[in-house]
Amino acid sequence: MATLSEIQALLGEPRFNWSDPAPWVELERELGIEFPADFREIVNAYGSIEINGQLYLKHPAGHLLHSLGRKLREDLEFWREEDMAEFLPSRAGGDPGELIPAASATTGEAVFLRVPDGPSSPWHIVVQEFDSPAWHLHEMTFSEWLLAYLNGRDVTLCSDDRAPDGPFWEFLP
């Protein structure tokens with residue numbers, strides 16, 4: 001699994017550094033899941049940000065304008081609609097094998113955390129290309145996927161044209 005320090009080496013120092021678990025606990029209780037530790041660690045470090053002018057990550061703190069909880073509820077409703085559900089490999093939701101919308105991109109992709117099938121199974125990433133019916137399973141953790149993205153590897157979301165001088169981030173307004 002990739003580490004926060006590896007991501008920081010490419011993305012730069014975080015400035016959010018959230019330590020109160022309450023927003024996560026509340027959201028996890030609502031969804032009936034526990035988010036992967038690496039996802040929580042990255043989002044707690046950076047907060048609600050835009051990476052490379054393309055990838056949006058959001059934190060669940062309710063006071064933020066760009067809250068993961070609010071966005072996640074909207075996205076779950078959207079992806080559960082009959083005409084949208086067909087574009088995913090499994091149902092959007094928090095049960096084993098289902099997909100939790102975790103991030104989005106200005107280029108139209110939606111990034112999902114795939115809930116493990118069992119307690120010892122790993123989390124994986126599914127990226128849905130909104131402009132087509134295609135989706136891609138990446139058998140890697142969120143931190144591995146993000147590190148691959150920051151390194152310019154093809155993880156369905158390309159950063160080469162977005163960050164020619166290297167990865168960067170900024171807080172969402």
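**Figure 1. Trp-79 and its ring partner, Phe-130.** In this predicted model, Trp-79 has a relative accessibility of 5%, so it counts as buried. Phe-130 comes out at 46%, and that makes it partly exposed. The two ring centres sit 6.2 Å apart with the planes at 90 degrees, so we call the pair edge-to-face. Trp-79 belongs to helix 4 (residues 68-80), while Phe-130 is in the loop between strand 5 (124-129) and strand 6 (135-138), so the pair ties together parts that are 51 residues apart in sequence.

**Figure 2. The whole chain, for orientation.** Here you can pick out six helices and seven strands. Reading from the N terminus, the order is α-α-α-β-β-α-α-β-β-β-β-α-β. The radius of gyration is 15 Å, close to the 16 Å that the globule rule gives for 173 residues, so the protein is as compact as a globular protein of that length. Laid along its principal axes, the C-alpha trace spans about 40 × 35 × 35 Å. Buried residues make up 51% of the 173. Take the contacts between residues at least 6 apart in sequence, and 53% of them turn out to join residues at least 24 apart.

**Figure 3. The surface and its charges.** The protein exposes about 8400 Å², with carbon and sulfur atoms supplying 49% of that area. Count up the charged side chains and you get 12 positive and 30 negative ones. The centres of those two sets lie 6 Å apart.

**Figure 4. Phe-39 meets Phe-142.** The structure holds 13 aromatic pairs, and this view picks one of them. Phe-39 and Phe-142 are arranged edge-to-face, with 5.0 Å from centre to centre and 90 degrees between the planes. The pair links distant parts of the chain: Phe-39 comes from helix 3 (residues 37-46) and Phe-142 from helix 6 (residues 142-150), 103 residues apart. Buried or exposed? Phe-39 has 0% relative accessibility, so it counts as buried. Phe-142 is at 1%, so it counts as buried too. Zoom out a little and both rings turn up in one aromatic cluster, along with Trp-24, Phe-35, Trp-145 and Tyr-149.

**Figure 5. Helix 6, wrapped up by its surroundings.** Eight of the nine residues of helix 6 are buried, so this helix is largely enclosed by the rest of the structure. The buried set is Phe-142, Ser-143, Trp-145, Leu-146, Leu-147, Ala-148, Tyr-149 and Leu-150. As a reminder, an α-helix has 3.6 residues a turn, so residues three or four places apart point the same way. Among the helix 6 residues, Phe-142, Trp-145 and Tyr-149 belong to the aromatic cluster. Following the helix is Gly-152, whose phi is positive, near 80 degrees.

**Figure 6. Two asparagines with positive phi.** Most residues other than glycine have a negative phi. Asn-17 has a positive one, about 45 degrees, although it is not a glycine. Look for Asn-17 in the loop between helix 1 (4-11) and helix 2 (22-31). Asn-52 also isn't a glycine, yet its phi is positive at about 55 degrees. Asn-52 is found in the loop between strand 1 (49-51) and strand 2 (55-57). With a relative accessibility of 1%, Asn-52 counts as buried.

**Figure 7. Gln-54, in the loop between strand 1 and strand 2.** This view stays with the loop that joins strand 1 and strand 2, where Gln-54 has its place. Gln-54 is buried, with a relative accessible area of 2%. How far apart are the C-alpha atoms of Gln-54 and Leu-157? They are separated by 9.0 Å, although these residues are 103 residues apart along the chain.

**Figure 8. Phe-168 and the company it keeps.** Phe-168 sits in the loop between helix 6 and strand 7 (169-171). Its relative accessibility is 35%, so Phe-168 counts as partly exposed. Which residues is Phe-168 in contact with, leaving aside its neighbours within four places in sequence? The list runs Leu-11, Glu-50, Ile-51, Asn-52, Gly-53, Arg-162 and Ala-163. One of these contacts, Asn-52, is the buried asparagine with the positive phi of about 55 degrees. The C-alpha atoms of Phe-168 and Gly-12 are separated by 7.3 Å, with their positions 156 residues apart along the chain.

Note on methods
Residues numbered from 1 in each chain as written. Predicted model: local features only at pLDDT ≥ 70, side-chain atom pairs only at ≥ 80, totals over all residues. Heavy atoms only, no water. Helix = DSSP H or I, 4+ residues; strand = E, 2+ residues; numbered from the N terminus. Rg over C-alpha atoms; globule rule 2.2 N^0.38 Å. Buried < 20%, exposed > 50% of the residue type's maximum accessible area, 1.4 Å probe, protein only. Contact = heavy atoms within 4.5 Å. Areas by Shrake-Rupley, 256 points an atom, 1.4 Å probe, with all protein chains shown as cover. Lys, Arg positive; Asp, Glu negative; His and termini not counted. Charge placed at Lys NZ, Arg CZ, Asp CG, Glu CD. Phe/Tyr/Trp six-rings, centres within 6.5 Å; stacked < 30°, edge-to-face > 60°.
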